[in-house]
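Here are a few notes for when you next have the model open. I stuck to one pocket and some helix packing.

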Amino acid sequence: KLFFKNLFMGLLVIFGMVIVSLPFGINNIITQFSNTLVSYPYASANAYNFWALIGMNWADQSSMFLMFSAKTWGSISIVLIVVFTFILSYKFNNKPYKYFILSAFIILTMFIFSVRMHERYLYPFFALFIFVLIEKSNKYLWLVYGGIAALNYYNTAHVLYFYDPSTYENDHAYAAARN
């Protein structure tokens with residue numbers, strides 16, 4: 001019974017997204033989304049995540065890392081994140097903040113481990129985690145929120161104020177990380 005209720009709610013959200021998109025044209029929305037998916041074939045695009053940490057900022061996602069390409073590792077991470085989210089959903093069963101914390105978890109872990117990430121892709125995490133804090137507020141959750149917010153602020157500030165694509169030498173950074 002709960003499964004069908006959740007399925008119905010998910011379909012209702014998708015229906016709502018379609019209704020909101022109607023004034024802009026469904027084909028335009030799908031085209032924009034599709035073009036965006038293939039427009040940045042990089043492991044990381046200025047996101048302070050795992051790929052930038054190992055020196056693969058603006059490196060092609062087909063670059064190899066531990067026997068597989070970054071793209072393959074990104075796909076593996078997505079599967080693992082989804083599986084782990086299902087496991088966590090049983091831990092948070094019957095909690096009023098269940099969907100908010102699971103959604104925030106997905107966004108955070110996708111940002112950290114998936115490829116093609118920008119610094120701005122972490123923003124929805126903060127909106128969702130606020131709802132978690134409204135329902136269950138404790139100092140550890142506030143520390144997590146504050147720490148991630150500070151890192152995201154630094155990431156965004158670095159991109160806006162210090163990053164210069166004309167002087168960025170990705171080949172040297174990636175070569176140094178591999179050695």
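**Pocket and helix pairs**

1. H4 is the biggest contributor to the lining of the second largest pocket, with six residues. Bear in mind that this is a predicted model. Helix H1 (2–21), helix H4 (70–91) and helix H5 (98–113) each put at least two residues into that lining.

2. As for the pocket itself, the volume of this second largest one comes to about 410 Å³. There are 14 lining residues, and those closest to the centre are Phe86, Ser89, Lys98, Tyr99 and Leu102. By class, the lining has eight nonpolar, five polar and one charged.

3. Next, two of the helices that line the pocket: the axes of H4 and H5 come within 10 Å and cross at roughly 160 degrees. Angles over 145 degrees count as roughly antiparallel, so that is the label for H4 and H5. Their crossing is right-handed. On the H4 side the contact uses Gly74, Ser77, Ile78, Ile81, Phe84, Thr85, Leu88 and Ser89, and H5 answers with Lys98, Leu102, Phe105, Ile106, Thr109, Met110 and Phe113. That gives nine nonpolar, five polar and one charged residues. Do look at Ser89 and Lys98: both belong to this contact, and both are listed among the residues closest to the pocket centre. Leu102 is another one in the contact and on that pocket list.

4. Moving along the chain, H5 and H6 have axes 8 Å apart and pack at an angle of about 155 degrees. This pair is therefore roughly antiparallel too, but here H5 passes H6 in a left-handed crossing. H5 brings Phe100, Ile101, Ser103, Ala104, Ile107 and Leu108 to the contact, while H6 brings Pro124, Phe125, Leu128, Phe129, Phe131 and Val132. The class split is 11 nonpolar, one polar and no charged residues.

5. How do H6 and H7 cross? Helix H6 (residues 123–135) and helix H7 (residues 139–161) have axes that come within 11 Å, at roughly 165 degrees, and the two are therefore roughly antiparallel. The crossing is left-handed. From H6, the contact takes in Tyr123, Phe125, Phe126, Phe129, Ile130, Val132 and Leu133; from H7, Leu141, Trp142, Val144, Tyr145, Ile148, Ala149, Asn152 and Thr156. Of these, 13 are nonpolar, two polar and none charged.

6. One last thing to check on screen is H6. Phe125, Phe129 and Val132 are in the contact with H5, and these residues also appear in the contact with H7.

Methods. Residues are numbered from 1 along each chain as its sequence is written. This is a predicted model: local features need pLDDT of at least 70, side-chain atom pairs count only at pLDDT 80 or more; totals for chains, interfaces and linings use all residues. Side-chain values use heavy atoms; hydrogens and water are left out. On a 1 Å grid over the protein atoms alone, a cavity is a set of points where a 1.4 Å probe fits but cannot get out, and a pocket is an open set with protein on both sides within 12 Å along at least five of seven lines; lining residues have an atom within 4 Å of a point. Grid points are joined across faces, edges and corners, and a volume is the space filled by probe spheres set on the points. Helices (H or I, at least four residues) and strands (E, at least two) are DSSP runs, numbered from the N terminus. Ala, Val, Leu, Ile, Met, Phe, Trp, Tyr, Cys and Pro count as nonpolar, Asp, Glu, Lys and Arg as charged, and the others, Gly among them, as polar. Axes are lines fitted to C-alpha atoms, for helices over the stretch in contact, and angles run from 0 to 180 degrees between N-to-C directions. Angles under 35 degrees count as roughly parallel, over 145 as roughly antiparallel, 65 to 115 as roughly perpendicular and the rest as oblique. A crossing is left-handed if the near helix is turned anticlockwise from the far one by less than a right angle, and right-handed if clockwise. Contact means heavy atoms within 4.5 Å.
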